[in-house]
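Biologist: I have the model open on my screen and would like a close look at a single part of it. Could you walk me through that part and then show me what surrounds it in the rest of the protein?

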Amino acid sequence: MSSNQDILIPNKDELNVAYNSYLEDLRLTVAEIEHDVKSHLHLASMPTFKSRVKSFGSYYKKLLRIRPASLFKQPLPVLTDMMGIRVICAFLEDLSVVEKQIIENYDIVEVEKKGAERDFTTFGYESTHILINIPQEIAQKHNLPNGLVCEIQIRTILQDAWAEVEHELVYKSEFSPFDLPLKRKLASMNASLSLADIIFQEIRDYQNKLNNELDKRRYAFYDLADKFSDEKIDDKLEIKLPPAHENLAPASPYVQGTIDDMILDAIQAHNNGQLDRAVEIYTRIINSQPAPNDIVLAVIFKHRGMAYFAQNSFEKALEDFKSSVKYDPKNFRSYYYIGIVCSIMDNEQEALNYFDQSLALNQYQAHVYYRKALSLFHLGDYVAAMAELTKCASLGLDNDDCKRLKINLLKKLEMS
(Lines give C-alpha, C1' and ligand atoms only; values in the text may rest on other atoms or scores of the structure.)
Protein backbone atom coordinates (compact mmCIF):
# COMPACT_ATOMS: atom_id res chain seq x y z
CA MET A 1 0.00 0.00 0.00
CA SER A 2 1.40 3.36 -1.03
CA SER A 3 1.86 6.08 1.49
CA ASN A 4 0.73 9.64 0.85
CA GLN A 5 4.41 10.59 0.52
CA ASP A 6 4.93 8.01 -2.25
CA ILE A 7 2.06 9.52 -4.22
CA LEU A 8 3.39 13.07 -3.90
CA ILE A 9 7.01 12.29 -4.81
CA PRO A 10 7.59 11.39 -8.49
CA ASN A 11 9.72 8.37 -9.31
CA LYS A 12 13.23 9.73 -9.90
CA ASP A 13 14.50 6.77 -11.97
CA GLU A 14 11.52 6.84 -14.32
CA LEU A 15 11.86 10.59 -14.74
CA ASN A 16 15.58 10.21 -15.47
CA VAL A 17 14.86 7.73 -18.27
CA ALA A 18 12.18 10.01 -19.72
CA TYR A 19 14.44 13.05 -19.45
CA ASN A 20 17.32 11.34 -21.25
CA SER A 21 14.98 10.22 -24.04
CA TYR A 22 14.32 13.88 -24.86
CA LEU A 23 17.79 15.27 -24.06
CA GLU A 24 19.36 15.25 -27.54
CA ASP A 25 16.26 16.85 -29.09
CA LEU A 26 16.27 19.49 -26.37
CA ARG A 27 19.89 20.35 -27.14
CA LEU A 28 19.27 20.56 -30.88
CA THR A 29 16.15 22.65 -30.32
CA VAL A 30 17.83 25.25 -28.09
CA ALA A 31 20.76 25.54 -30.52
CA GLU A 32 18.37 26.18 -33.42
CA ILE A 33 16.40 28.75 -31.44
CA GLU A 34 19.63 30.55 -30.49
CA HIS A 35 20.63 30.70 -34.16
CA ASP A 36 17.17 32.00 -35.06
CA VAL A 37 17.24 34.66 -32.34
CA LYS A 38 20.63 35.89 -33.58
CA SER A 39 19.20 36.35 -37.07
CA HIS A 40 16.45 38.64 -35.72
CA LEU A 41 18.59 40.90 -33.55
CA HIS A 42 20.00 44.09 -35.04
CA LEU A 43 22.13 46.26 -32.75
CA ALA A 44 25.21 48.43 -33.09
CA SER A 45 26.97 46.23 -30.51
CA MET A 46 26.03 42.61 -31.17
CA PRO A 47 25.31 40.70 -27.93
CA THR A 48 27.00 37.48 -26.91
CA PHE A 49 24.91 34.35 -26.35
CA LYS A 50 24.88 31.45 -23.93
CA SER A 51 22.46 28.56 -24.14
CA ARG A 52 21.90 25.43 -22.10
CA VAL A 53 19.55 22.56 -21.35
CA LYS A 54 18.96 22.05 -17.64
CA SER A 55 20.78 19.08 -16.15
CA PHE A 56 18.57 16.32 -14.82
CA GLY A 57 19.78 16.93 -11.24
CA SER A 58 18.77 20.60 -11.38
CA TYR A 59 15.53 19.69 -13.14
CA TYR A 60 14.57 17.15 -10.48
CA LYS A 61 15.38 19.47 -7.54
CA LYS A 62 13.27 22.25 -9.01
CA LEU A 63 10.47 19.82 -9.87
CA LEU A 64 10.23 18.78 -6.21
CA ARG A 65 10.34 22.41 -5.10
CA ILE A 66 7.66 23.92 -7.36
CA ARG A 67 5.54 20.87 -8.33
CA PRO A 68 4.11 22.10 -11.66
CA ALA A 69 0.52 21.34 -12.70
CA SER A 70 1.75 18.85 -15.29
CA LEU A 71 3.54 16.71 -12.67
CA PHE A 72 1.35 13.62 -13.08
CA LYS A 73 -0.19 14.37 -16.49
CA GLN A 74 2.65 13.24 -18.80
CA PRO A 75 5.81 11.12 -18.68
CA LEU A 76 8.04 14.20 -18.49
CA PRO A 77 6.55 17.22 -16.70
CA VAL A 78 7.84 20.47 -18.20
CA LEU A 79 9.45 23.43 -16.46
CA THR A 80 9.62 26.86 -18.06
CA ASP A 81 13.42 26.99 -17.85
CA MET A 82 14.34 23.51 -19.10
CA MET A 83 15.85 25.24 -22.12
CA GLY A 84 17.44 28.65 -21.71
CA ILE A 85 19.16 31.22 -23.90
CA ARG A 86 20.97 34.16 -22.39
CA VAL A 87 21.46 37.32 -24.45
CA ILE A 88 24.28 39.38 -22.91
CA CYS A 89 24.40 43.01 -24.00
CA ALA A 90 27.11 45.62 -23.66
CA PHE A 91 24.91 48.54 -22.62
CA LEU A 92 21.69 49.19 -20.73
CA GLU A 93 20.13 50.79 -23.82
CA ASP A 94 20.46 47.47 -25.66
CA LEU A 95 18.18 45.61 -23.24
CA SER A 96 14.95 47.25 -24.39
CA VAL A 97 16.00 46.93 -28.05
CA VAL A 98 16.58 43.19 -27.71
CA GLU A 99 13.35 42.74 -25.77
CA LYS A 100 11.36 44.60 -28.42
CA GLN A 101 12.89 42.61 -31.30
CA ILE A 102 12.21 39.28 -29.57
CA ILE A 103 8.59 40.24 -28.83
CA GLU A 104 8.11 41.26 -32.46
CA ASN A 105 9.42 37.95 -33.84
CA TYR A 106 8.15 35.24 -31.48
CA ASP A 107 4.96 33.92 -29.88
CA ILE A 108 5.33 35.27 -26.35
CA VAL A 109 4.07 33.38 -23.30
CA GLU A 110 5.32 35.75 -20.60
CA VAL A 111 7.67 38.68 -19.97
CA GLU A 112 9.05 39.04 -16.46
CA LYS A 113 11.36 41.74 -15.09
CA LYS A 114 13.42 40.07 -12.39
CA GLY A 115 14.37 42.53 -9.65
CA ALA A 116 12.00 45.24 -10.87
CA GLU A 117 9.94 44.97 -7.70
CA ARG A 118 12.81 46.05 -5.44
CA ASP A 119 12.83 49.57 -4.02
CA PHE A 120 15.77 51.97 -4.29
CA THR A 121 17.30 50.74 -1.01
CA THR A 122 17.65 47.14 -2.21
CA PHE A 123 20.11 45.72 -4.69
CA GLY A 124 20.06 42.28 -6.24
CA TYR A 125 19.74 40.15 -9.31
CA GLU A 126 18.26 41.95 -12.32
CA SER A 127 17.28 40.41 -15.63
CA THR A 128 14.49 40.35 -18.19
CA HIS A 129 13.06 36.86 -18.74
CA ILE A 130 10.91 36.14 -21.79
CA LEU A 131 9.15 32.83 -22.32
CA ILE A 132 8.48 31.96 -25.95
CA ASN A 133 6.65 29.09 -27.56
CA ILE A 134 8.92 26.91 -29.68
CA PRO A 135 8.71 28.14 -33.31
CA GLN A 136 6.63 25.67 -35.30
CA GLU A 137 9.29 25.11 -37.97
CA ILE A 138 11.74 24.06 -35.23
CA ALA A 139 9.31 22.10 -33.04
CA GLN A 140 8.08 19.87 -35.85
CA LYS A 141 11.62 18.57 -36.50
CA HIS A 142 12.12 17.24 -32.96
CA ASN A 143 10.57 14.95 -30.38
CA LEU A 144 9.59 17.35 -27.57
CA PRO A 145 7.38 17.04 -24.47
CA ASN A 146 4.00 18.76 -24.59
CA GLY A 147 3.84 22.36 -23.39
CA LEU A 148 7.57 22.99 -23.70
CA VAL A 149 8.69 26.63 -23.91
CA CYS A 150 12.08 28.31 -24.13
CA GLU A 151 13.29 30.94 -21.69
CA ILE A 152 15.30 33.89 -23.05
CA GLN A 153 17.15 35.98 -20.48
CA ILE A 154 18.38 39.46 -21.38
CA ARG A 155 21.13 41.06 -19.29
CA THR A 156 24.09 43.39 -19.50
CA ILE A 157 27.59 41.98 -19.10
CA LEU A 158 27.75 43.26 -15.52
CA GLN A 159 24.27 41.97 -14.62
CA ASP A 160 25.32 38.58 -15.93
CA ALA A 161 28.56 38.65 -13.92
CA TRP A 162 26.64 39.47 -10.75
CA ALA A 163 24.05 36.76 -11.38
CA GLU A 164 26.75 34.12 -11.94
CA VAL A 165 28.66 35.02 -8.76
CA GLU A 166 25.49 35.39 -6.68
CA HIS A 167 24.33 31.98 -7.89
CA GLU A 168 27.57 30.38 -6.69
CA LEU A 169 27.64 32.19 -3.35
CA VAL A 170 23.97 32.06 -2.42
CA TYR A 171 22.09 29.34 -4.27
CA LYS A 172 24.65 26.57 -4.86
CA SER A 173 26.46 26.82 -1.55
CA GLU A 174 25.28 24.94 1.54
CA PHE A 175 26.23 27.98 3.58
CA SER A 176 24.61 31.21 2.41
CA PRO A 177 25.76 34.52 3.90
CA PHE A 178 23.33 35.53 6.60
CA ASP A 179 25.64 37.68 8.72
CA LEU A 180 24.70 41.37 8.31
CA PRO A 181 28.23 42.58 7.36
CA LEU A 182 28.44 39.89 4.66
CA LYS A 183 25.02 40.86 3.32
CA ARG A 184 26.14 44.47 3.23
CA LYS A 185 29.24 43.53 1.26
CA LEU A 186 27.14 41.66 -1.30
CA ALA A 187 24.73 44.59 -1.57
CA SER A 188 27.58 47.07 -2.02
CA MET A 189 29.13 44.93 -4.76
CA ASN A 190 25.83 44.76 -6.61
CA ALA A 191 25.37 48.51 -6.17
CA SER A 192 28.85 49.11 -7.63
CA LEU A 193 28.08 46.96 -10.67
CA SER A 194 24.73 48.70 -11.17
CA LEU A 195 26.45 52.09 -10.97
CA ALA A 196 29.12 50.91 -13.43
CA ASP A 197 26.37 49.92 -15.89
CA ILE A 198 24.86 53.41 -15.58
CA ILE A 199 28.24 55.09 -16.09
CA PHE A 200 29.00 52.93 -19.13
CA GLN A 201 25.64 53.97 -20.60
CA GLU A 202 26.33 57.66 -19.90
CA ILE A 203 29.67 57.38 -21.69
CA ARG A 204 27.93 55.61 -24.56
CA ASP A 205 25.32 58.39 -24.76
CA TYR A 206 28.09 60.99 -24.79
CA GLN A 207 29.90 59.16 -27.59
CA ASN A 208 26.71 58.91 -29.64
CA LYS A 209 26.08 62.63 -29.22
CA LEU A 210 29.67 63.46 -30.17
CA ASN A 211 29.59 61.13 -33.19
CA ASN A 212 26.36 62.72 -34.42
CA GLU A 213 27.96 66.16 -34.21
CA LEU A 214 31.09 64.86 -35.97
CA ASP A 215 28.99 63.46 -38.81
CA LYS A 216 27.21 66.79 -39.25
CA ARG A 217 30.52 68.66 -39.29
CA ARG A 218 32.15 66.23 -41.73
CA TYR A 219 29.26 66.31 -44.20
CA ALA A 220 29.13 70.12 -44.00
CA PHE A 221 32.84 70.21 -44.90
CA TYR A 222 32.30 67.88 -47.86
CA ASP A 223 29.29 69.91 -49.04
CA LEU A 224 31.30 73.12 -48.99
CA ALA A 225 34.20 71.47 -50.81
CA ASP A 226 31.76 70.18 -53.43
CA LYS A 227 30.43 73.68 -53.98
CA PHE A 228 33.92 74.98 -54.72
CA SER A 229 34.55 72.03 -57.03
CA ASP A 230 31.26 72.64 -58.84
CA GLU A 231 32.29 76.22 -59.41
CA LYS A 232 35.48 75.05 -61.14
CA ILE A 233 33.59 72.66 -63.44
CA ASP A 234 30.61 74.86 -64.27
CA ASP A 235 31.38 78.55 -64.64
CA LYS A 236 27.67 79.35 -64.67
CA LEU A 237 27.13 77.99 -61.18
CA GLU A 238 26.74 80.75 -58.63
CA ILE A 239 28.23 79.87 -55.27
CA LYS A 240 26.83 81.37 -52.08
CA LEU A 241 29.13 80.65 -49.17
CA PRO A 242 27.77 80.47 -45.62
CA PRO A 243 28.47 83.45 -43.39
CA ALA A 244 31.72 83.23 -41.47
CA HIS A 245 29.95 83.77 -38.15
CA GLU A 246 26.38 83.67 -36.97
CA ASN A 247 25.28 85.08 -33.63
CA LEU A 248 23.56 81.97 -32.28
CA ALA A 249 22.98 80.80 -28.73
CA PRO A 250 25.90 79.05 -27.00
CA ALA A 251 26.34 75.52 -28.26
CA SER A 252 26.39 73.90 -24.84
CA PRO A 253 25.72 75.27 -21.34
CA TYR A 254 27.40 72.27 -19.70
CA VAL A 255 31.07 72.73 -20.59
CA GLN A 256 33.14 71.72 -17.57
CA GLY A 257 36.60 72.38 -18.99
CA THR A 258 37.66 68.83 -19.80
CA ILE A 259 39.02 68.20 -23.29
CA ASP A 260 36.06 65.95 -24.13
CA ASP A 261 33.56 68.63 -23.11
CA MET A 262 35.49 71.33 -24.96
CA ILE A 263 35.63 69.24 -28.13
CA LEU A 264 31.87 68.64 -28.04
CA ASP A 265 31.19 72.32 -27.42
CA ALA A 266 33.53 73.35 -30.26
CA ILE A 267 31.95 70.92 -32.74
CA GLN A 268 28.43 72.05 -31.78
CA ALA A 269 29.50 75.67 -32.22
CA HIS A 270 30.99 74.75 -35.60
CA ASN A 271 27.79 73.03 -36.69
CA ASN A 272 25.73 76.01 -35.56
CA GLY A 273 27.80 78.43 -37.67
CA GLN A 274 29.68 79.86 -34.66
CA LEU A 275 33.03 79.42 -36.40
CA ASP A 276 34.95 82.05 -34.40
CA ARG A 277 33.88 80.38 -31.17
CA ALA A 278 34.82 76.95 -32.53
CA VAL A 279 38.29 78.16 -33.57
CA GLU A 280 38.78 79.79 -30.16
CA ILE A 281 37.94 76.55 -28.30
CA TYR A 282 40.13 74.41 -30.59
CA THR A 283 43.03 76.84 -30.06
CA ARG A 284 42.53 76.72 -26.29
CA ILE A 285 42.80 72.91 -26.37
CA ILE A 286 45.95 73.02 -28.52
CA ASN A 287 47.61 75.51 -26.14
CA SER A 288 46.44 73.83 -22.92
CA GLN A 289 48.92 72.71 -20.29
CA PRO A 290 49.91 69.99 -19.89
CA ALA A 291 49.93 69.57 -23.64
CA PRO A 292 47.51 66.99 -25.10
CA ASN A 293 49.02 63.83 -26.55
CA ASP A 294 49.79 63.54 -30.26
CA ILE A 295 46.55 61.74 -31.18
CA VAL A 296 44.43 64.43 -29.51
CA LEU A 297 46.44 67.18 -31.22
CA ALA A 298 45.99 65.46 -34.60
CA VAL A 299 42.21 65.42 -34.09
CA ILE A 300 42.02 69.03 -32.88
CA PHE A 301 44.15 70.41 -35.71
CA LYS A 302 41.94 68.54 -38.18
CA HIS A 303 38.78 70.03 -36.64
CA ARG A 304 40.20 73.54 -36.49
CA GLY A 305 41.30 73.19 -40.12
CA MET A 306 37.69 72.44 -41.07
CA ALA A 307 36.52 75.56 -39.20
CA TYR A 308 39.10 77.68 -41.04
CA PHE A 309 38.01 76.10 -44.33
CA ALA A 310 34.39 77.07 -43.61
CA GLN A 311 35.64 80.63 -43.05
CA ASN A 312 37.40 80.54 -46.45
CA SER A 313 40.76 80.77 -44.65
CA PHE A 314 42.38 78.20 -46.90
CA GLU A 315 46.01 78.87 -45.95
CA LYS A 316 45.21 78.39 -42.25
CA ALA A 317 43.15 75.29 -43.04
CA LEU A 318 46.03 73.83 -45.04
CA GLU A 319 48.48 74.52 -42.25
CA ASP A 320 46.23 72.82 -39.67
CA PHE A 321 45.59 69.75 -41.82
CA LYS A 322 49.35 69.38 -42.33
CA SER A 323 49.85 69.69 -38.56
CA SER A 324 47.26 66.93 -38.13
CA VAL A 325 49.25 64.45 -40.24
CA LYS A 326 52.44 65.56 -38.50
CA TYR A 327 51.02 64.36 -35.18
CA ASP A 328 49.29 61.31 -36.69
CA PRO A 329 50.94 60.16 -39.96
CA LYS A 330 48.33 57.39 -40.33
CA ASN A 331 45.35 59.76 -40.38
CA PHE A 332 44.16 59.10 -43.94
CA ARG A 333 41.33 61.63 -43.72
CA SER A 334 43.70 64.50 -42.98
CA TYR A 335 45.74 63.67 -46.12
CA TYR A 336 42.46 63.70 -48.02
CA TYR A 337 41.54 67.09 -46.58
CA ILE A 338 44.94 68.51 -47.54
CA GLY A 339 44.31 67.33 -51.08
CA ILE A 340 40.90 69.01 -51.14
CA VAL A 341 42.35 72.37 -50.02
CA CYS A 342 45.20 72.11 -52.52
CA SER A 343 42.67 71.47 -55.28
CA ILE A 344 40.50 74.42 -54.20
CA MET A 345 43.66 76.57 -54.31
CA ASP A 346 44.33 75.35 -57.89
CA ASN A 347 47.38 73.30 -56.91
CA GLU A 348 46.09 70.11 -58.53
CA GLN A 349 49.42 68.31 -58.79
CA GLU A 350 50.05 68.63 -55.06
CA ALA A 351 46.43 67.61 -54.44
CA LEU A 352 47.03 64.38 -56.35
CA ASN A 353 50.07 63.66 -54.21
CA TYR A 354 48.05 63.93 -50.98
CA PHE A 355 45.12 61.95 -52.40
CA ASP A 356 47.58 59.15 -53.19
CA GLN A 357 48.98 59.27 -49.65
CA SER A 358 45.46 58.97 -48.27
CA LEU A 359 44.70 56.00 -50.53
CA ALA A 360 47.97 54.33 -49.53
CA LEU A 361 46.61 54.21 -45.99
CA ASN A 362 43.04 53.26 -46.98
CA GLN A 363 42.41 52.21 -50.57
CA TYR A 364 38.63 51.85 -50.13
CA GLN A 365 37.75 55.55 -50.21
CA ALA A 366 35.43 56.10 -53.15
CA HIS A 367 35.32 59.87 -52.64
CA VAL A 368 39.10 60.14 -52.87
CA TYR A 369 39.07 58.47 -56.29
CA TYR A 370 36.40 60.98 -57.31
CA ARG A 371 38.62 63.84 -56.12
CA LYS A 372 41.57 62.39 -58.02
CA ALA A 373 39.45 62.23 -61.15
CA LEU A 374 38.43 65.85 -60.60
CA SER A 375 42.04 67.02 -60.24
CA LEU A 376 43.10 65.08 -63.33
CA PHE A 377 40.18 66.64 -65.22
CA HIS A 378 41.44 70.12 -64.33
CA LEU A 379 44.97 69.10 -65.40
CA GLY A 380 43.61 67.95 -68.78
CA ASP A 381 44.48 64.27 -68.30
CA TYR A 382 41.03 63.01 -69.27
CA VAL A 383 41.96 59.35 -69.82
CA ALA A 384 43.51 59.07 -66.35
CA ALA A 385 40.55 60.95 -64.87
CA MET A 386 38.12 58.45 -66.41
CA ALA A 387 40.16 55.57 -64.96
CA GLU A 388 39.90 57.06 -61.44
CA LEU A 389 36.17 57.66 -61.90
CA THR A 390 35.78 53.97 -62.84
CA LYS A 391 37.49 52.98 -59.56
CA CYS A 392 35.13 55.31 -57.75
CA ALA A 393 32.09 53.60 -59.33
CA SER A 394 33.48 50.15 -58.50
CA LEU A 395 33.32 51.12 -54.81
CA GLY A 396 29.65 52.04 -55.12
CA LEU A 397 29.83 55.83 -55.54
CA ASP A 398 27.87 56.96 -58.57
CA ASN A 399 26.06 60.11 -57.45
CA ASP A 400 25.07 63.19 -59.47
CA ASP A 401 28.55 64.73 -59.10
CA CYS A 402 30.17 61.60 -60.55
CA LYS A 403 27.68 61.47 -63.42
CA ARG A 404 28.22 65.14 -64.21
CA LEU A 405 31.98 64.72 -64.21
CA LYS A 406 31.66 61.67 -66.46
CA ILE A 407 29.57 63.65 -68.96
CA ASN A 408 32.21 66.41 -69.00
CA LEU A 409 34.98 63.84 -69.44
CA LEU A 410 33.21 62.16 -72.34
CA LYS A 411 32.78 65.52 -74.04
CA LYS A 412 36.47 66.30 -73.63
CA LEU A 413 37.49 62.85 -74.89
CA GLU A 414 35.25 63.22 -77.96
CA MET A 415 36.81 66.57 -78.76
CA SER A 416 40.37 65.27 -78.45
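Where is the place of isoleucine 203?

Modeller: Happy to help. Before we zoom in, please keep in mind that this is a predicted model, in which local features need pLDDT of at least 70 and side-chain atom pairs count only at pLDDT 80 or more, while totals for chains, interfaces and linings use all residues. Residues are numbered from 1 along each chain as its sequence is written, and side-chain values use heavy atoms, with hydrogens and water left out.

Isoleucine 203 sits in helix α7, which covers residues 180-233. Helices here are DSSP runs of H or I with at least four residues, strands are runs of E with at least two, and both are numbered from the N terminus. With a relative accessible area of 46%, isoleucine 203 is partly exposed. On this scale, buried means under 20% relative accessible area, exposed means over 50%, and partly exposed lies in between, using a 1.4 Å probe and protein chains only.

Isoleucine 203 has company: together with Leu195, Ile198, Ile199 and Phe200 it makes up a nonpolar patch on the surface, with about 440 Å² of accessible area in total. Patches take residues with over 30% relative accessible area and no salt bridge, joining like charges within 9 Å and nonpolar side chains (Val, Leu, Ile, Met, Phe, Trp, Tyr) within 5 Å. The areas come from the Shrake-Rupley method with a 1.4 Å probe, and for residues only the protein chains shown count as cover. For the protein, the accessible surface is about 22900 Å², and carbon and sulfur atoms hold 53% of that.

Now let's step inside. In soluble globular proteins, nonpolar side chains tend to be buried together. Here, 45% of the 416 residues count as buried. The largest nonpolar core has 61 residues, and those with the most contacts inside it are Phe221, Phe309, Phe321, Tyr337, Ile340, Tyr370 and Leu405. Another core, of 38 residues, lies apart from that one and includes Leu23, Val53, Leu95 and Ile102. Such a core is a set of buried Ala, Val, Leu, Ile, Met, Phe, Trp, Tyr and Cys residues joined through side-chain atoms within 4.5 Å.

Tyrosine 337 is a good one to click on. Leaving aside residues up to four places away in sequence, tyrosine 337 touches Arg218, Phe221, Tyr222, Lys302, Met306 and Phe321. A contact means heavy atoms within 4.5 Å. Among contacts between residues at least 6 apart in sequence, 65% join residues at least 24 apart.

The aromatic rings come next. There are 10 aromatic pairs, where rings of Phe, Tyr and Trp (its six-membered ring) pair if their centres lie within 6.5 Å, with planes under 30 degrees apart called stacked, over 60 edge-to-face and the rest tilted. Phenylalanine 56 and tyrosine 59 form a tilted pair, 6.0 Å centre to centre with 40° between the planes. They are 3 residues apart in helix α3, about one helical turn. Phenylalanine 56 is buried at 13% relative accessible area, and tyrosine 59 is buried at 0%. The rings of phenylalanine 377 and tyrosine 382 are also tilted, because their centres are 5.8 Å apart and their planes are at 55°. Tyr19, Phe56, Tyr59 and Tyr60 form one aromatic cluster.

Finally, the charged side chains. The count of salt bridges is 19, each being a side-chain nitrogen of Lys or Arg within 4 Å of a carboxyl oxygen of Asp or Glu. In one of them, lysine 62 meets aspartate 81 with the closest N and O atoms 2.8 Å apart. Lysine 62 lies in helix α3 (residues 56-66) and aspartate 81 in the loop between α3 and β2 (83-89), so this pair ties together parts 19 residues apart in sequence. Lysine 62 is buried at 18% relative accessibility, and aspartate 81 is buried at 7%.

In another salt bridge, lysine 372 and aspartate 356 meet at 2.8 Å, N to O. Since lysine 372 lies in helix α14 (residues 366-379) and aspartate 356 in helix α13 (residues 348-361), the pair ties together parts that are 16 residues apart in sequence. Lysine 372 is buried at 11% relative accessibility, whereas aspartate 356 is partly exposed at 38%. Salt bridges with shared partners also join Lys50, Arg86, Arg155, Asp160 and Glu164 into one network.
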